Amino acid sequence: MKSPNIDPSIKKVLLLGSGALKIGEAGEFDYSGSQALKAMKEEGITTVLINPNIATVQTSDGFADKIYFLPVTKAFVEKVIERERPDGILLAFGGQTALNCGVELYRSGILDKYNVKVLGTPVQAIMDTEDRELFVRKLDEIDIKTIKSQAVDTVEEACSAASRLGYPVIVRAAYALGGLGSGFCDNEEELIALTEKALSFSPQVLVEKSLKGWKEVEYEVVRDRFDNCITVCNMENFDPLGIHTGESIVVAPSQTLTNEDYHYLRKLAIKIIRHIGIVGECNVQYAFDPASMEYRVIEVNARLSRSSALASKATGYPLAFVAAKLGLGYGLFELSNSVTKDTSAFFEPALDYIVCKIPRWDLGKFHGVRREIGSSMKSVGEVMAIGRTFEEVIQKGLRMIGQGMHGFVDNRPVPVPDGIDKALAEPTDKRIFVIAQAFEAGYSVDRIHDLTKIDKWFLYRLQNIFDTHKELKEAKSLDELSPALLRLAKEQGFSDFQIGRAVLGEKFAASVDASMGAVRAKRIELGITPVVKQIDTLAAEYPAQTNYLYLTYNGTTNDVDYLHDHRSIVVLGSGAYRIGSSVEFDWCSVNALLTVKKEGWRSVMINYNPETVSTDYDMCDRLYFDELTYERVMDILDLEQPHGTILSVGGQIPNNLATRLDAAGVNILGTGARSIDNAEDRNQFSAMLDRLGIDQPRWRELTSLADINNFIDEVGFPVLVRPSYVLSGAAMNVCSNPEELERFLRLAANVSKQHPVVVSEFIQNAKEIEMDAVAQNGEIKVYAISEHIEYAGVHSGDATIQFPPQKLYVETMRRIKKVSSQIARALNISGPFNIQYLAKDNDIKVIECNLRASRSFPFVSKVLKINFIDLATKVMLGIPVEKPAKNAFDLDYVGIKASQFSFSRLQGADPVLGVDMSSTGEVGCIGQDTSEALLKAMLAVGMRIPAKDKGVLLSTGTPKQKADLLDSAHMLHNAGYRIYATGGTHRFLNDNGIPAIRVYWPSQPDEQPQALELLHNHEIDLVVNVPKNLTPVELSNGRKIRRAAIDLNIPLLTNARLAGAFIRAFTTLKESDIEIRPWDEY
Amino acid sequence: MREPKRATLVLRDGTRFEGKSFGYPASTSGEVVFNTAMTGYPESLTDPSYEGQILVTTYPILGNYGVPPRRRLDGVSEYLESDRIHPKAIIAQDYSYNHSHWQATRSLGEWLEEEKIPGIYGIDTRALTKHLREQGSMLGKIIIEGSATEDEVPWYDPNQENLVAKVSTREVSVHGEGDKTVVLVDCGVKHNIIRCLTKRGVKVVLVPWDYDFNTIPYDGLFISNGPGNPDMARTTVENIRKAMETGKPICGICMGNQLLSLAAGAKTYKLKYGHRSHNQPVRRVGTNECYVTSQNHGFAVDTDTLPADWEPLFVNMNDGTNEGIRHKSMPWFSAQFHPEASSGPKDTEFLFDDFIKLL
């Protein structure tokens, strides 16, 4: 029976997604949106979803009834509303993007006009929390202390406010996601720089006194319209205030708060949520004095957030699902606890474990970015570790972030060029490892606390790990190691690797795999094995049939009875979101789970990323929220004894385990481990291609500069250089001349016999083509060929991809198909795979082959409307698969996948694309032709059509690039845009009869007009800056311009081909020409 | 590596759990119960309702923020709930030897040692809790290496004893000032009940559990929480019955709810494993008002046995058990949960206001 409390007039609901993944807004909103859609579906409500992020789970079949791959902006949403006429709209499930869009829709009267009811928290309440001044006033009304800030609109006002408050101050932009444009300023100079930037994003900037060193604590609060409130979870930051919560290591529940502290803040949180009038979920962040009960409210997020996704995963309480139901009018007392099924959803989870979230940074991927972390977010993903001691979770978590660290100790030292004190006091992404080095150097907990302000409790616990590490090192052999110490080490989260390295020292390095095997054998012999525990929300107080599991050494009994009937299939997930691996692999994992289940097997997931749908315990029969290391996967497989294990849907992490799992006798479903190794191993793969007569760019693995020069004499510049051991910065580089080569090798690589360098010929102006396919026993069953808009040289993860291809010769397509078939046969592929090709004229060369699902699988699956992962999973389950009748030639529309960059958050990073990937997300849009699809996609990643009364700045590298852009310049001119151009480009345009205004580089300060000044004055609305090449000299030239464009929020394109395509699109189409059509109508 | 003494928990049904000793290293015995709260061990340890019990904390890490000073303010403990530790022992997965909090004056281990209470860590408390959930609360012994052996320590069943008599004050004391006087019957009172009353401007006369308060003048009667079986406190029930004749306001908490029910003529029974946590959801009967409450009780009121002029006031949303009663016409009500919290959520502190308004 339907609840009498819900509004019966709501029959169709529009949900706004969050668009492409970006720093500050990542996969967590796929999870919250999916949950909300599920909640609506359960009520029989029709759902319409707008989200251009085609790789998400929520934009898959079976989640929403109608899906629009369109930008989440007012204009597009209005058109969808006009077409769909929904009764209600959900704004809280798509991050800041959806919230901001919702506020605009409300303010402009569109919601009223179409009579669309906002479900859940009213828009006024949202505005009360978003507008800092309103927010402070609102909380003043109930005597809640906030960080008093001065709202200013000019740099001058900011300076006077700061001198009143006293430095250090913090500056924030209003209406910004993830602390965009905010930061600490110790002096006026820093303040001016930051305020100017912040004002470019937001009309209002806030200056406030800094509370550096206070504890940072968050509460996730839920309220229904009957005024019943609960706090589902509280969380404490390991890093004190001063570091954005998205950049902090966070534990749940809080560890250093007394009962009085905990409930004092809890009570305030409830008071706040009632006063603001939230209906659904919100998050309250506090600064809390470590030496008194003084607090300040930092902010309130009136929507589902990254923290709420984390809280859901940390507690098992489905916040987004419940919030969606509350939006419909339910009372909390009407909903049941989705874990126990028969207790009430009105309760507060009791945890009998601790979780630890650790951010994942990829700062090494960006040129010039500052490594310091602070009040604005730079991390690209996060992991969550579950265990029963802090030592256990921190060590697990530090392994999970996957940056070559083995835990808190037993790592390669982190460089501290300016000394340990400075590295502790000025936090970077590596600070936690510096703490280990400080212990090693004899620092006391007190001294580390003085430098870091990290609560001593955490430091004492880290010291425990360090002490155990020291004791392990005293044992000279595994036989000497006492069982008690071995057990203690495992209880403190030491991996077999760490134990092996600490005990065996030099001997360990000589044979890592064998040594780890010896540790494993020894502990199994001693009965030291992990146990499986459930997350049941009530700390075992009530029986729960929960399938949400983790492993720990702090326990003696498994919560789960294993049937050992070999009816389960284990799917390995993709780990932390990072550059190069994100929501697309989550989509693949989830779809594999769904097919496994549909085919009558028990689906088992292993993954540890709290921002994903695959770690939603509803998605599988058993979820192990745990590590994807060989050690932990084997622990789980030993318990689970599955029929088989799927490695090919979770990206590179599971793929890398293939050989070792195979050696341990694991039944890997699909393509065999030897084939995977043959494709991964450059030499073997290359030999195979030679054998098959398949062309590839020439390459060689070399160990001396002389050899490298000899090879280059043969192939010519430019070359792509890939060191096997990276000293600093980028892992790969294109070198165009001997000087560059020498410099790169000197700076970045250490060429030697131990550390060879791979040098490949770099083919210029070649097309790059992707082949995504599924094969069964070596025969291709389904495939999709797509082409990059950019020429080869832009990483395939950054490139703009078009499917089906529109500009490829039929001949090229046929060759690609033929070569792919040959490779599939040779490697006897059964499952998903991807091959990247270069094509110039009709010659094709293989660049790379991965025997796993690729980043573009969801994109091609959705554009073609054939689920590649479903087919691949069937193949892996041994079910015969028929070739689908449809192929890409049947499509009368085009899909474009475009990349989202997050340079605005990465202060100092040069926003230029190269052979290393730097995008954080992507969108995929469908249109009638390339231009329409591209325009949608570019608008969806934050580009905008330049305003007619503003100019476009062109500054385009090589003569070839200039010539390529000539057409575009004509189009711009014909469309009435003012063109600004730097020296060479200006001359070229004039020579070709296109009027342009010459502007000057920052290196010519005496000339006028200055490009930077025009940018600062917002007279330019699009910057096309194409570096000639990626040499430091060339890069430094345009860098200030590019950076200014990013900092001033002016669209920037750095690739001539993409710029050309975009200019063509917006000069031939108006925004109003864009068709509003749902996915199912293509 | 620390090498603490071995400590073993032996349950009445023969189940054994091996752990490590902290706090005071002496063997002991009692009734093993679990609490799922994630904070508040100093409050729980001084809660008289735990008298005679061995407390298992399901939150795995214990002792993080040390122990606050033992300070008295207006005749009651400032930070704690009574003057001593009541449980016979405490059990956790992991003990934090080092603590950190500005209010702490010593570690949990040091405090336990001072008060001669053993602690054990290194126990799979989740497995233990599941066992107690399935089998019900049961007697247990804690055997510390080097102390009394299993044979030397007898089983101890606190439910056979009049625990209320054991923990109640021996003499009458007065707390706070005000025009109105509240008689607070100490069945094992938590000091925060006294604080919650006095901070509302009333004079509290704290009397022993069996004191005949009908002989002194007062404006309202308050029955405190307390340990064990309510049937043991017959004298208090008799005194409440007499007080009912005056028609003055009566309020009870926890044991107070059970004693008021008994005085009204209802019956109580022992729950399989009790409610001991900070997250018990209760609903005010007949409304949409729900509260998260702190609880600590092993017995419950049988709602079906309430006489016709009484009605349930609150109900537990998880298992439907009674969470409070009220008289249909007289100013008498009580709650099974703890509106004074400490430890736990403070959402229902308004019940004190409701009571004061009746005076």
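Select strands E1 (residues 6–11) and E2 (residues 16–23) of chain B: the two pair in the antiparallel sense over five bridges. Strands here are DSSP runs of E with at least two residues, helices are runs of H or I with at least four residues, and both are numbered from the N terminus. Two strands count as paired if DSSP finds at least two bridges between them. This is a predicted model, in which local features need pLDDT of at least 70 and side-chain atom pairs count only at pLDDT 80 or more, while totals for chains, interfaces and linings use all residues; side-chain values use heavy atoms, with hydrogens and water left out. Residues are numbered from 1 along each chain as its sequence is written, and chains are lettered from A and ligands numbered from 1 in the order in which they are written.

Stay on the hairpin of E1(B) and E2(B), which has four residues between the strands. In its turn, B:Gly14 has a positive phi of about 95°. Across the pair, B:Val10 stands opposite B:Arg16.

Now add strand E11 (residues 138–144) of chain B, which is joined to E1(B) by five bridges and runs antiparallel to E1(B). Here B:Leu9 faces B:Ile142. Five of the six residues of E1(B) are buried, where buried means under 20% relative accessible area, exposed over 50% and partly exposed in between, with a 1.4 Å probe and protein chains only.

Next, select helices H6 (residues 234–244) and H7 (residues 255–264) of chain B. Their axes come within 9 Å and cross at roughly 65°; axes are lines fitted to C-alpha atoms, for helices over the stretch in contact, and angles run from 0 to 180 degrees between N-to-C directions. The crossing is right-handed, that is, the near helix is turned clockwise from the far one by less than a right angle, and anticlockwise would be left-handed. To see the contact (heavy atoms within 4.5 Å), show B:Thr236, B:Val237, B:Ile240, B:Arg241 and B:Met244 of H6(B) with B:Leu259, B:Leu260, B:Leu262, B:Ala263 and B:Ala264 of H7(B). By class, this contact has eight nonpolar, one polar and one charged residues. Ala, Val, Leu, Ile, Met, Phe, Trp, Tyr, Cys and Pro count as nonpolar, Asp, Glu, Lys and Arg as charged, and the others, Gly among them, as polar.

Move to chain A and select helices H25 (residues 673–680) and H26 (residues 682–692), which pack at an angle of about 90° with their axes 5 Å apart. The contact joins A:Asp677, A:Asn678, A:Ala679 and A:Glu680 of H25(A) to A:Arg682, A:Gln684 and A:Phe685 of H26(A). Two nonpolar, two polar and three charged residues make up this contact.

From H26(A), go to the antiparallel open sheet of four strands, in the order E23-E26-E24-E25 (chain A). E23 (699–702) and E25 (733–735) are its edge strands, each pairing on one side only. Neighbouring strands are turned by 25° against each other on average, direction ignored. Inside the sheet, E24 (residues 719–723) and E26 (residues 757–761) share five bridges, with A:Arg722 opposite A:Val758. H26(A) lies across E23, E24 and E26 at about 150° to E23(A). Helix H27 (residues 705–715) of chain A lies across E23, E24 and E26 too, at about 170° to E23(A).

Finish at the open sheet of five strands, E3-E2-E1-E4-E5 (chain A), where the pairing is parallel. E3 (66–68) and E5 (117–118) stand at its edges with a single partner strand each, so one side of each has no neighbour in the sheet. E2 (residues 46–50) of chain A is joined to E3(A) by three bridges, and A:Leu49 stands opposite A:Ile67.
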